[in-house]
Amino acid sequence: MHDTTRAFALTVFAALAVFGAGCGSGIDALLLPTDVHAQSAAKTFFVAEVYPAVQFTCAFCHAASDNPVHAPQWMGFDAEASYVNVEAYEGLIAAPDNSKLLLKGEHTGPALTPGAAKLMRHWLELEAQERGITMAKPTEAPKPEGPPAITADEALTQFGKCMTYDDFQSSRAYELAFQQTTGWGPCRGCHNSGFAGAFIDDDATLMFEQNRKKPFLLKLAAYVTEKGEFKDIVAANRFRDKGTEVCTYTGADKVLCHPKYVLIPEVQDGIDTFFNATYSHWKQTKGACDGSDGSGGGGGGGGGGGI
Ligand code: HEC
Ligand code: HEC
């Protein structure tokens with residue numbers, strides 16, 4: 001629909017075609033010294049299977065350092081360059097359920113297809129073996145504190161269960177639905193069915209339920225890993241940051257940039273308060289919020305179970 005987008009896409013694809021023929025396959029690869037192509041089953045699998053599966057869906061934004069939407073550069077224009085960048089980017093090579101690659105889902109870019117996700121998972125298992133990364137196993141009594149006995153995926157699920165509708169309402173986080181953008185109306189106009197992984201609707205109950213789950217949850221909560229292992233949940237601030245991020249589409253293509261906005265203080269405070277309340281329920285219960293609706297999970301009451 002827009003020339004610059006097309007031109008950008010063509011540049012990316014042309015570069016992929018030119019560089020794609022390079023390192024890594026055919027007789028050249030066999031003749032190169034082994035330190036250039038260190039024999040790693042994981043790397044070989046990435047080059048042969050994973051890269052081709054995400055080449056077009058993800059490289060469009062993630063291959064170039066100067067892409068118009070300022071997506072972080074974790075790929076390159078061929079498999080070898082992509083492997084170098086993936087390795088250098090914190091949080092990607094990790095146990096599968098800790099890897100941002102598998103957990104991200106729909107965002108400005110698309111989610112991985114099920115097929116690509118399967119390849120990605122297998123590759124990360126190979127990496128974990130080779131690198132001695134602990135594959136955290138699901139535990140019966142998960143503990144967010146102490147040794148990283150849980151995966152990021154499990155922690156996010158726990159976090160979603162620790163959200164309460166009371167907090168969502170009393171914090172006024174739900175008023176995000178009515179936040180205005182410059183010239184493009186309120187958030188809910190475009191995001192009321194979860195477009196781009198952001199679920200913002202004036203039906204507060206629906207918005208609450210959706211934001212408890214990935215990928216929507218990731219607009220509110222992110223996580224940190226250390227050496228591929230889950231450490232902690234932190235505020236993602238996607239709702240805050242989205243409105244002021246750099247976008248370098250120009251001319252008629254400016255329309256491809258996200259609408260600009262600055263969250264009004266009530267909404268900003270609301271989101272922060274909601275995040276902090278949820279975080280403290282999560283910590284207090286050591287991840288064991290009951291997740292019913294609500295009022296269960298965190299604070300004071302609730303707990304005295306019947307027989
Ligand atoms: C249309 C552009 C676009 C495409 C295509 C795209 N992304 Fe993204 N991606 C972004 C932008 C912009 C960000 C930064 C904002 C955010 O975190 O959502 C991002 C962030 C990410 C991150 C988070 C990195 C971090 O440090 O938290 C991951 C992981 C990711 N993308 C994976 C993918 C995968 C996998 C694909 C292919 C299936 C893909 N992306 C396709 C634009 C894109
Ligand atoms: C006119 C339509 C429109 C409106 C209004 C709009 N958005 Fe978006 N939003 C988009 C589009 C298109 C994308 C996907 C492309 C992109 O990421 O820029 C998106 C993506 C997003 C994302 C997910 C990607 C990321 O970078 O994390 C977030 C979060 C987001 N919008 C927040 C908001 C908020 C908050 C508001 C209201 C203040 C809002 N949007 C208003 C169209 C809109």
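How many bridges join strand β3 to strand β4, and do the two strands run parallel or antiparallel? In this predicted model, strand β3, which comprises residues 221-226, is joined by 6 bridges to strand β4, residues 229-235, and the two run antiparallel. Within this pairing, T225 is placed opposite F230 of β4. The hairpin that the strands form has 2 residues between them, and K227 adopts a positive phi near 45° there.

Helix α3, which covers residues 41-62, departs from a straight course: a straight helix of 22 residues would span 32 Å at 1.5 Å a residue, whereas the end C-alpha atoms of α3 span only 24 Å. A kink of about 70° is found in α3, with its centre at Q55. Q55 is itself among the buried residues of the helix, which also include A42, F46, V50, C58 and F60.

Packed helices are described by the angle between their axes and by the distance between those axes. For α3 and helix α4, the latter formed by residues 79-88, the angle is about 115° and the axes lie 10 Å apart, the crossing being right-handed. The contacts involve K43, F46, V47 and Y51 on the side of α3, which meet A79, E80, S82 and Y83 of α4; K43, F46, V47 and Y51 are also buried.

Elsewhere, L263 is situated in the loop between α11 (238-241) and α12 (265-284). L263 counts as buried because it has 21 C-beta neighbours inside 10 Å. Leaving aside residues up to four places away in sequence, L263 touches Q179, F239, R240, G243 and Q268. The C-alpha atom of L263 is separated by 8.1 Å from that of L176, although the two residues are 87 residues apart along the chain.

Notes. Residues are numbered from 1 along each chain as its sequence is written. Chains are lettered from A and ligands numbered from 1 in the order in which they are written. This is a predicted model: local features need pLDDT of at least 70, side-chain atom pairs count only at pLDDT 80 or more; totals for chains, interfaces and linings use all residues. Two strands pair if DSSP finds at least two bridges between them. Helices (H or I, at least four residues) and strands (E, at least two) are DSSP runs, numbered from the N terminus. The expected span of a helix is 1.5 Å times one less than its number of residues. The bend at a residue is the angle between axes fitted to the seven residues ending there and the seven starting there. A residue is buried if 20 or more other C-beta atoms lie within 10 Å of its own, exposed if 12 or fewer, and partly exposed in between; C-beta atoms are placed from the backbone. Axes are lines fitted to C-alpha atoms, for helices over the stretch in contact, and angles run from 0 to 180 degrees between N-to-C directions. A crossing is left-handed if the near helix is turned anticlockwise from the far one by less than a right angle, and right-handed if clockwise. Two residues are in contact if their C-beta atoms, placed from the backbone, lie within 7 Å.
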